[in-house]
Amino acid sequence: MEKIQNQKHTKETLYYSISGMLERASYYGFRALVVLYMVGETLNMERTEALTIYGWLVGSLVFSQIIGGLFGDLLIGNKKTIIIGGIIQAIGAFSLCIPSTIGLYLGLFLVVLGSGFFTPNIISNFGKTYLNKTKLLDSGFTIFYLAINLGSFLGILLIGYLGETYGYNIGFVISGILMLISIIPIILSKEKGMDEIEKNEFPIGKRILNILIAFIVVGLFWGFYELSRIRTFDLQLQLSEISTLGILNHLWQSINSIFILPISIIAIVLWTYFYSSQFFKLMLGFVFGVISFGILFLIPEVPTEQHTVTYLISLLFLVISEIHIAPIIHSILTKYSNPKYLAILISLAFLPTRLISLIFGLFNDKLFDNPMLGLKIGIAGMAVVGIGLIGYVWWNKKTTYNTV
C-alpha cells in the first residue's frame, strides 16, 4: 500500500452524497409501495399483472439511463440533466396520487425517465470531482455508495411504513418531496469544467482493456450474487422462524444494509489514507465472495438454530466482497474513460449486469428447485473470475516493473 498525501475530500463529496441518498430514499420508498398500491382497493389489479408491470418498470430503467447519459454528455450538460431528471421523477411520484390507471402509467413513465436522467449524470459528475486526485477515487465512491445504500434502507423503512399506515398517497407525496429536496445540493455544488480536469495520460489500449474488464466483472459479480440469493432467501425464511437471537422478521431482509455501514466506514477511512490498485481490490472482492459462498455452502439444506451465526458471518463476508467491487467499478470507469462521455459509459455499465441476470434467470426454475446448485455455480464462477483478476494484477505489476 502507498500512503496518500495532499489529497482531501471536498464539500462536493457531501453535496453529491446527500443528493444521491435522498434520491435513492425517494425511489426505493416508491418501489416499496407501488405493487401494494396496484393490487389495493383503488386499482384492484391481479397480482401477476402488477408484478409484470413492476418488472417492466425495473427493466426499462437500463434504457432510460442510456437516454439520460446521452442527454447529459451530448445535449444539455450533466448538471442540468440531473436537475431536470429530479423534477421529472418528483412529478412522477406526485402523479401516482391520481386514483386511476392513467395516473399509474403516467407516474411510472415519469419516474423511470427522471431516474434515467438523474442516475448516470450524478455518478459522472461525482467522479469528475476526483479526476485531479485519482488516488481518492475509491474512497470517494465508497462514501457515495454508503450514502445511496443508507437512502435505500431509510426510504423503504420511512416511506414504506408511512404509506402502509396512513395511505399510499402520503407515501408517494413524501417520495416526490424527497426528490425535490435532492436537487438542492446539486444546485449548490460546483460542476467541474473540462479545462479543470487533468488530461488522461493512460495509453488508449490500456484504457479500453480496463473498461472492458470492469464491464465484464460487474455483470458477473451481480449475476453470481443473484444466484446466491435464491439460497439466501431460503435460509432467511427458515432461520427467521427458528432463531432465538431476537432479530425482527422485517430486519432479516435488511441485514446486508446493516452490515454495509460499518464495513463501508472502515473502507473509507483505510482508502482515504492508503492507496492500492483498483484491480487488486476487485480481486479481493471475489476472494471474499468465494469465502462467503463457501461458508453458506456449509449450512445444510435444513438448518438448525445454531446455523444462524454461520449465516450472518457469510453475509458479513458478502458485504465485504460487495464493498470491494460495486464502488470500485465506477472508480475504474471514471479513471480510464474520456470524461466528456463518462455519463454515457456509466449508463452502459448497467447493461452487462442486466444481460447476465437475464441469462441466469432462464434457469430460475431449476435453481429454485435446487438452491444449492446456484450456490455451487456461484462459488465456481467467483473462483474463476478471482483467479483471472490475480493473473491480471500480476501482469500489470510485471509490465509496470519492466517499463520502469
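**Helix packing and an internal cavity**

The crossing of helix 1 with helix 5 is right-handed. I begin there, and I should say at once that the model before us is predicted. Two packed helices are described by the angle between their axes and the distance between those axes. Here, the axes of helix 1 and helix 5, the latter spanning residues 137–166, come within 6 Å and cross at roughly 35 degrees. Sorted by class, the residues in the contact of helix 1 with helix 5 are 15 nonpolar, ten polar and two charged.

Let me stay with helix 1 and turn to the interior. How many cavities of 30 Å³ or more are there? The count comes to one, and the largest cavity holds about 30 Å³ of space. Its lining consists of S26, Y27, F30, Q89, A93, V111 and S175. Which helix gives the most to this lining? Helix 1 does, with three residues. Helix 1, covering 11–39, and helix 3, covering 78–95, each supply at least two residues of the lining. By class, the lining of the largest cavity has four nonpolar and three polar residues, and no charged ones.

Finally, I come to helix 2, which runs over residues 47–75 and has 29 residues. From its first C-alpha to its last, helix 2 reaches 40 Å, close to the 42 Å expected at 1.5 Å a residue. Where does helix 2 bend by about 30 degrees? That bend is at L61. After helix 2 comes G77, whose phi is positive, near 95 degrees.

Technical notes. Residues numbered from 1 in each chain as written. Predicted model: local features only at pLDDT ≥ 70, side-chain atom pairs only at ≥ 80, totals over all residues. Heavy atoms only, no water. 1 Å grid on protein atoms, 1.4 Å probe; cavity = no way out; pocket = protein on both sides within 12 Å on 5 of 7 lines; lining within 4 Å. Points joined across faces, edges and corners; volume = space filled by probe spheres on them. Helix = DSSP H or I, 4+ residues; strand = E, 2+ residues; numbered from the N terminus. Nonpolar A, V, L, I, M, F, W, Y, C, P; charged D, E, K, R; others polar. Expected span 1.5 Å × (residues − 1). Bend = angle between axes of the 7 residues up to and from the residue. Axes fitted to C-alpha atoms, helices over the stretch in contact; angles between N-to-C directions. Left-handed = near helix turned anticlockwise from the far one by under 90°.
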